[in-house]
Amino acid sequence: MKMTLRWFGKNHDSVTLEQIRQIPGVTGVITTLYDTKPGEVWSKEAIFNLKKEVEDAGLKIEGIESVNIHDAIKIGSPDRDQYIDNYIKTLENLAANNINLVCYNFMPVFDWTRSDLAKDRTDGSNVLSYDQELVDQIKPDQMFEKLNQASHGFVMPGWEPERLAKIKELFEAYKDINADKLFDNLVYFLKRIMPTCEKYGINMAIHPDDPAWPVFGLSRIINGKENLLKLMKAVDSPHNGVTFCSGSLGSNPKNDLVDIIHSLKGRIHFAHVRNIIYLGDKKFDEAAHLSSDGSLDMYAILKALHTIGFEGPMRPDHGRAVWGEVSMPGYGLYDRAMGATYLNGLWEAIEKSSK
Ligand code: DNO
């Protein structure tokens, strides 16, 4: 396992590479070319420059989160092949720079969704939270505005303001895309890119839907064991893999995370580890990483990853906002650094006691 931190690039993150370098046991970052739009080809030079910047700071790029998928591919519109061709060129350019892990998602219109980006906790920190009742009371465009107002001026991935202008158009374009069609479009995309992934040894790692149920009536297809395994089978290559995200899959208490990890042996290429507190049906708060701070058992999750021989990058996921830090919601330095240290400690204990 390689412990990493997500870093959005120097113009988009309150956290610096120099700070990340000082977290014990964090050897790499997970990053992206934040200024590119879905569907664009990432140039070799731009990737090289990003890589150099990270390496000059004494770290390594362990993977990309995300190379986002153009809506034409998710919708399956006639022009999708041109965007898949561009995606393939981006994969080739990443491979030319020795980057071989790509996290992506296949959620229509939105990426992750929360009803509150700064819910106060009794310990004085604040966290991201989700309450279906609140989400049911607002329209998607209001949601966009609400989240962007609460983002402390940072552009959050998946909630780029330019998407707001297109939101009606997007909902219209997805109106006939039921779960089966969305799944078929995902399989079509993966089948087309797999030869490139196999040629260069690139691991694709789909991120589960967050939360793990349909939001605003949009289909969600990657939210539990059954559909994850269906996808693994439909494109049965080790390069078609998964980002195991405890917070996303764990948002549904019916998902048995340990069982899901065991069932995906050999196909988990990346792990996002965070804790949440169940508050009711489709209602949860995010929490500190520590098991006892939330509802998930971090020891059991890491033990399962260790048991299946997981060797990829792991990152602490969203943290609480603590000690007065102002950052992109969920992505401050302090709580994620504590999370990384805690997860590294668990991993060390698991590793030593398994010998
Ligand atoms: C939320 C993240 C997601 C994730 C994408 C992957 O904080 O986990 O935005 O990066 O879904 O494409």
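**Figure 1. Ile206 and its partner across strands 7 and 8.** In this predicted model, Ile206 stands opposite Val242, a residue of strand 8. Strand 7 (residues 203-207) and strand 8 (residues 240-245) run parallel and are joined by 3 bridges.

**Figure 2. The closed barrel of 8 strands**. Strands 7 and 8 belong to a barrel whose order is 1-2-3-4-7-8-9-12, and the pairing is parallel. From one strand to the next, the twist averages 30 degrees.

**Figure 3. Helix 2 lying across strands 2 and 3**. Helix 2 (residues 44-56) lies across strand 2 (28-31) and strand 3 (60-65). Relative to strand 3, helix 2 runs at about 135 degrees.

**Figure 4. The contact of helix 4 with helix 9**. The axes of helix 4 (residues 80-96) and helix 9 (residues 179-200) come within 10 Å and cross at roughly 20 degrees. Angles under 35 degrees count as roughly parallel, and the two helices are therefore described as roughly parallel to each other. Helix 4 passes helix 9 in a right-handed crossing. On the side of helix 4, the contact is made by Ile84, Tyr87, Ile88, Leu91, Glu92 and Ala95; helix 9 contributes Phe189, Arg192, Ile193, Thr196, Cys197 and Tyr200. By class, the residues of this contact comprise 9 nonpolar, 1 polar and 2 charged.

**Figure 5. The shell of residues around the ligand**. There are 13 residues around the ligand, and Ser66, Asn105, Asp111, Trp112 and His207 come nearest. Strand 4 (residues 101-105) supplies the largest share of the shell, with 3 residues. The shell divides into 4 nonpolar, 7 polar and 2 charged residues.

Note on methods:
Residues numbered from 1 in each chain as written. Predicted model: local features only at pLDDT ≥ 70, side-chain atom pairs only at ≥ 80, totals over all residues. Axes fitted to C-alpha atoms, helices over the stretch in contact; angles between N-to-C directions. Helix = DSSP H or I, 4+ residues; strand = E, 2+ residues; numbered from the N terminus. Parallel < 35°, antiparallel > 145°, perpendicular 65-115°, else oblique. Left-handed = near helix turned anticlockwise from the far one by under 90°. Contact = placed C-beta atoms within 7 Å. Nonpolar A, V, L, I, M, F, W, Y, C, P; charged D, E, K, R; others polar. Near = placed C-beta within 6 Å. Pairing = 2+ DSSP bridges.
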